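Hi,

Here is the structure I said I would pass on. Have a look at it first, and then read my notes on the ligand site below.

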Amino acid sequence: MNTGRLARACLCAAIMILLLPPQAHSGGGADRPKGRSIAVFVPGIVSGSPVYEMLVAGVTEAVTAANARGEAVSLTVVEAGTRQADWGTRMTALVAEGRHGLIVTSNPAMPEILEPVAKRFPNQDFLVLDAWHTGTPGITTFRYNQREQAYISGYMAALVSKSSMPHANREAVIGLIAGQEYPAMTRIILPAFLEGARAVDPAFRADFRVVGNWYDAAKAADLARAMKRAGCDVIMPISGGANQGVVAAAKEDPFYLAWFDDNGYAKAPGLVVSSSVMAQERLAREKTSEWIAGTLRKGVPSTVGLRDGYVSFVSDDERYLATVPREIRARMDELVSRISSGTLSLPVE
Ligand code: RBF
C-alpha cells in the first residue's frame, strides 16, 4: 500500500470537510445547495487496494486545486466496506441525502448497482472509473484498456519465468490470484495475461486462483504457496488488501511478483519484476476537475489505454533496473513501443 498517498488523501479530505461552511456539511435534504459538493463512494476498503487509493488521491487533488483557486468545493469519502450486498443501499442513502452534486466511484460492477439509483435520482451525476456503461444520462464511465495492461504483465512474467534468474524454474507456468471472479477478470485480464505470455512461448499456461474476497491475506498467502509448489515462479496478485499475503509468501519462499494497477516495485525489492499500471489517480483528478469546471462530457463511456498514457509499464524505477536483467528490459521496451506505435494492436473489443 502507498501509505504516503493514502495518508495525504485522507488528511486532505478531513481538512476539506472541516473547512466547509456549516450548511455544506450538516444535515441533508433535497433543498440543500449541492452543486459544489463531491462524494467518493469506495466499494470496499481503501487501504491496500491500489485502485481505490488512486481514486481517493486523484479526487482529493482536484478538490484541493479548486479550493486553492478560491472555489468552495467540499469532499466526503464514504468507505462502503466489504459487504457487497450493502453497496446498493449505502449508495441510495448517500444520493438521497441530496448533498453531493457528483458521486465518484470505481469498479466494473458499479454501473449495474447505480442504474436503478440513477433512474430514481435523474439529476444526480455519477462518475465511474474502471467501468463501462451506456444509456443512462447521469452515469459517465471510463475504462482502461486492460487487455494491454494484462498482456504487458503476462509478457514480462513469461520472460522472467524462462530466464536464468535465481528464482525462475523450468515449468512454463505463471500464476494469477484474483479477489473474485468477474467478467473483466475472466474475459479480459486473465486471457490477456496468458496471451502476453504465449507471445513469448506458446507453451505457457496460467494457474488461476480466486481468494473469494478482497481482504483475506492469509488465504491469498496459502494460494500463493500452493501455486509455487505447483510450478509457478511468477505470480500476479489482483486481490486488493489480500495482495499483502502474496507478498509475504514471496518473501518467505521466493517467487517473482508481477504487480498490477500501481507501482509495486517497493513491495518486495528484488522480487517484483514488473508494474503494469493504470493512471487512475490522474484520470480521477482530471475528470473531477472537468466536472467542477462544468466541462465533463456526461452520460457517455470512454476507453483509455497505453497510447494516450493511461496504461503504462513502469520501466524507470531503480528497483526494476536493479532486479531485471538488461536483455529482458530491452524486450519490454520493444513490446511497449510496438503497442504505442500501433504495430501491435490490442483492442478491448
Ligand atoms: N480491486 C481492489 O484492489 N480492491 C477491491 O476491494 C476490489 N473490489 C472489487 C469488487 C468488485 C465487485 C469488482 C468487480 C472488482 C473489484 N476490484 C477490487 C478489482 C478492480 O476493480 C480491478 O478490476 C482490478 O484492480 C484490476 O485493475
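Two elements are a good place to start: α3 (50-68) and β9 (256-261) each supply at least two residues of the shell around the ligand. Do keep in mind that this is a predicted model.

Zooming out, the ligand lies between domain 1 (3-144 + 280-304) and domain 2 (146-277 + 315-341), because both of them give residues to the shell. The space that the ligand takes up is the largest pocket.

Now for who is in there. There are 19 residues around the ligand, and S49, D130, Q146, Y182 and D261 come nearest. By type, the shell splits into 11 nonpolar, 6 polar and 2 charged residues.

Three side chains have a polar atom facing a ligand oxygen at these distances:

- Y182: 2.6 Å from an oxygen atom of the ligand
- D130: 2.7 Å from an oxygen atom of the ligand
- Q146: 2.8 Å from an oxygen atom of the ligand

And how much of the ligand does the protein cover? Of the 550 Å² of accessible area that the ligand has on its own, 96% is covered by the protein.

Cheers

Conventions
Residues are numbered from 1 along each chain as its sequence is written. This is a predicted model: local features need pLDDT of at least 70, side-chain atom pairs count only at pLDDT 80 or more; totals for chains, interfaces and linings use all residues. Side-chain values use heavy atoms; hydrogens and water are left out. A residue is near a molecule or strand if one of its heavy atoms lies within 4 Å of it. A polar contact is a pair of N or O atoms within 3.5 Å; within protein, one must be able to donate a hydrogen and the other to accept it, and residues adjacent in sequence count only if both atoms are side-chain atoms. Accessible areas come from the Shrake-Rupley method with a 1.4 Å probe; for residues, only the protein chains shown count as cover. On a 1 Å grid over the protein atoms alone, a cavity is a set of points where a 1.4 Å probe fits but cannot get out, and a pocket is an open set with protein on both sides within 12 Å along at least five of seven lines; lining residues have an atom within 4 Å of a point. A molecule sits in a cavity or pocket if more than half of its atoms lie within 2 Å of its grid points. Helices (H or I, at least four residues) and strands (E, at least two) are DSSP runs, numbered from the N terminus. Ala, Val, Leu, Ile, Met, Phe, Trp, Tyr, Cys and Pro count as nonpolar, Asp, Glu, Lys and Arg as charged, and the others, Gly among them, as polar. Domain bounds come from an automatic or database domain assignment.
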